[in-house]
Amino acid sequence: IPYGADTGGKNRFMPPQLPKPWEGILPAVWWGNSAPQNMENRYGNAWASFVDHWNYDDVSEDCLKLNIWTPALDDGGNRPVMVWLHGGGYTNGNGIEQDGYMGENLSRKGDIVFVSVNHRLGPIGFSDLSGVGGEKYAFSGNAGALDMVAALEWVRDNIAHFGGDPGNVTIMGQSGGGAKVCVLAAMPSAKGLIHKAVPLSGSSTEAQNQEVSRKIGGYILKEAGLTSAEVDKLQEIPWKEYLLLANKASQKASAEPGAAGMRGGFAPVADGVVLPKGKFYSEAAGLSSDVPMLICTTFHEWGMARTDPAMEAITADKAKEMLKERAGFRGGLGDKAGEVYDAYARLFPDAKPIEVMTLVASNRKGAIETADAKAVQQAPVYLAWFGWEPPLFNNRMRAFHCLDICFWYANTDLMLTHTGGGKRPRDLSDKMSSALLQFMRTGDPNGAGLPVWPRYTTEKGETMILNDACEVKNDPDREARQLL
């Protein structure tokens with residue numbers, strides 16, 4: 001269903017516009033277009049394509065569409081609403097990217113309305129031309145973020161027709177989608193549209209520095225060979241060409257000292273209007289102070305052994321050497337790699353070197369920073385750490401990035417290439433999805449099958465460990481994590 005107009009042509013880089021009305025009945029029986037993104041070699045890695053079972057349909061700038069699963073229409077059901085924000089950083093993905101994103105099972109189980117959203121991404125969604133294009137382009141660096149607000153406004157205005165309660169909306173996302181959840185919770189224009197928030201395996205406590213984003217905008221104009229008076233011509237370039245041009249400009253800008261931006265430079269911008277400058281949730285009674293948050297990460301967000309069995313035999317010394325150069329999604333740890341590795345090895349004495357290295361690279365530093373920031377506000381924060389490991393590929397997949405999504409959404413039998421299917425993952429999924437539904441209804445996940453889940457405090461770091469046997473531990477990796 002369209003929640004916004006085509007973003008091509010004169011609408012490119014602009015805040016989202018209302019969708020055009022249509023006559024008759026719109027055949028909302030197939031997925032909307034994915035946002036413009038690089039589709040080259042998308043299925044190039046056979047193992048990754050098999051495991052994640054990517055779903056991609058047509059790609060175009062007419063991408064402001066959402067999907068709805070609901071048990072009933074116009075029945076006054078007043079059901080809790082789940083709004084799903086896909087992963088892929090701010091550059092890739094769509095609302096049905098994996099089968100685990102499908103909302104039918106959670107909607108049926110919990111009698112809720114499930115909505116997933118496509119929005120502008122990458123250079124199309126986050127090119128900050130405000131420094132070169134003047135007032136007309138004031139919000140170009142946050143177009144993709146404003147799309148998500150527009151989707152929430154559509155939910156507010158229309159979801160009752162689909163049996164949903166616009167006064168009880170939970171936003172949830174994973175990886176880049178988790179960061180989007182945190183961004184939306186910090187946007188003044190989203191105030192009142194969000195009532196609970198669930199970031200998974202990705203979070204954020206501040207937006208892109210506008211000095212950096214404007215510098216990239218300047219490089220985009222140079223790369224296109226245009227002057228400030230000709231900035232409108234960027235709206236006429238075919239989107240595939242514009243992606244190549246803008247990414248090349250970002251690379252050149254990042255070569256300048258201190259200019260490399262978050263996620264390649266294309267991400268929501270702290271302009272002081274759409275998004276605040278400085279840390280999110282910094283005021284105890286400020287924006288989203290009444291919005292409960294449930295944060296979850298996985299034990300093994302990043303692990304090369306998933307598609308490289310030779311890594312299973314890695315030694316501790318080799319792991320330390322590798323961590324010097326690279327630690328997961330971030331840069332390397334340099335000369336401190338050995339000290340950090342040894343600290344994690346002491347806390348997890350049964351872990352193999354490949355597992356210790358993966359724990360280091362998958363550390364919870366970002367999640368804890370977000371939990372600590374949000375914990376100063378009145379609404380509760382609940383923290384989870386997902387450690388369940390599937391039997392696939394001789395047990396080397398471990399608790400990898402994206403694995404937990406299908407557990408929250410009661411989709412473990414849809415994502416056989418993640419879970420292996422059957423009773424074991426289904427049992428944990430039943431507990432996790434029930435806790436999520438309880439959180440959607442009340443802002444508290446307790447009373448749905450998991451052990452008593454205390455709210456998070458900075459002092460104790462209360463964390464629900466999600467596995468075949470679930471238990472609460474107080475900040476189990478604090479000693480090692482703090483070395484980072």
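This passage describes aromatic ring pairs, charges placed over rings and a buried lysine in a predicted model.

The predicted structure holds 19 aromatic pairs. In one of them, the ring centres of Tyr-90 and Phe-126 are 5.5 Å apart and the ring planes meet at 70°, an angle over 60 degrees, so the pair is classed as edge-to-face. Tyr-90 belongs to the loop between strand 2 (79-85) and helix 2 (104-110), whereas Phe-126 belongs to helix 3 (residues 122-126), and the pair therefore ties together parts that lie 36 residues apart in sequence. Both partners are buried, Tyr-90 with a relative accessible area of 1% and Phe-126 with a relative accessibility of 1%. Elsewhere, ring pairs join Trp-30, Trp-31, Trp-69, Trp-84, Tyr-101, Phe-114 and Tyr-409 into a cluster.

Aromatic rings also lie beneath charged groups in this model, as two arginines show. The charged end of Arg-306 sits over the ring of Phe-400, at 4.3 Å from the ring centre, and the charged end of Arg-364 sits over the ring of Trp-385, at 4.6 Å from the centre of that ring.

A further charged residue, Lys-180, is located in helix 6 (residues 176-185). Lys-180 is buried yet has no salt bridge, and the nearest side chain of opposite charge, that of Glu-97, is 8.1 Å away, whereas a salt bridge is defined by a separation within 4 Å. When residues up to four places away in sequence are not counted, Lys-180 touches Leu-85, His-86, Gly-87, Gly-89, Tyr-90, His-119, Leu-121 and Met-148. Among these contacts is Tyr-90, the residue whose ring pairs edge-to-face with that of Phe-126.

Methods:
Residues numbered from 1 in each chain as written. Predicted model: local features only at pLDDT ≥ 70, side-chain atom pairs only at ≥ 80, totals over all residues. Heavy atoms only, no water. Phe/Tyr/Trp six-rings, centres within 6.5 Å; stacked < 30°, edge-to-face > 60°. Helix = DSSP H or I, 4+ residues; strand = E, 2+ residues; numbered from the N terminus. Buried < 20%, exposed > 50% of the residue type's maximum accessible area, 1.4 Å probe, protein only. Lys NZ or Arg CZ within 6 Å of the ring centre and 35° of its normal. Lys, Arg positive; Asp, Glu negative; His and termini not counted. Contact = heavy atoms within 4.5 Å.
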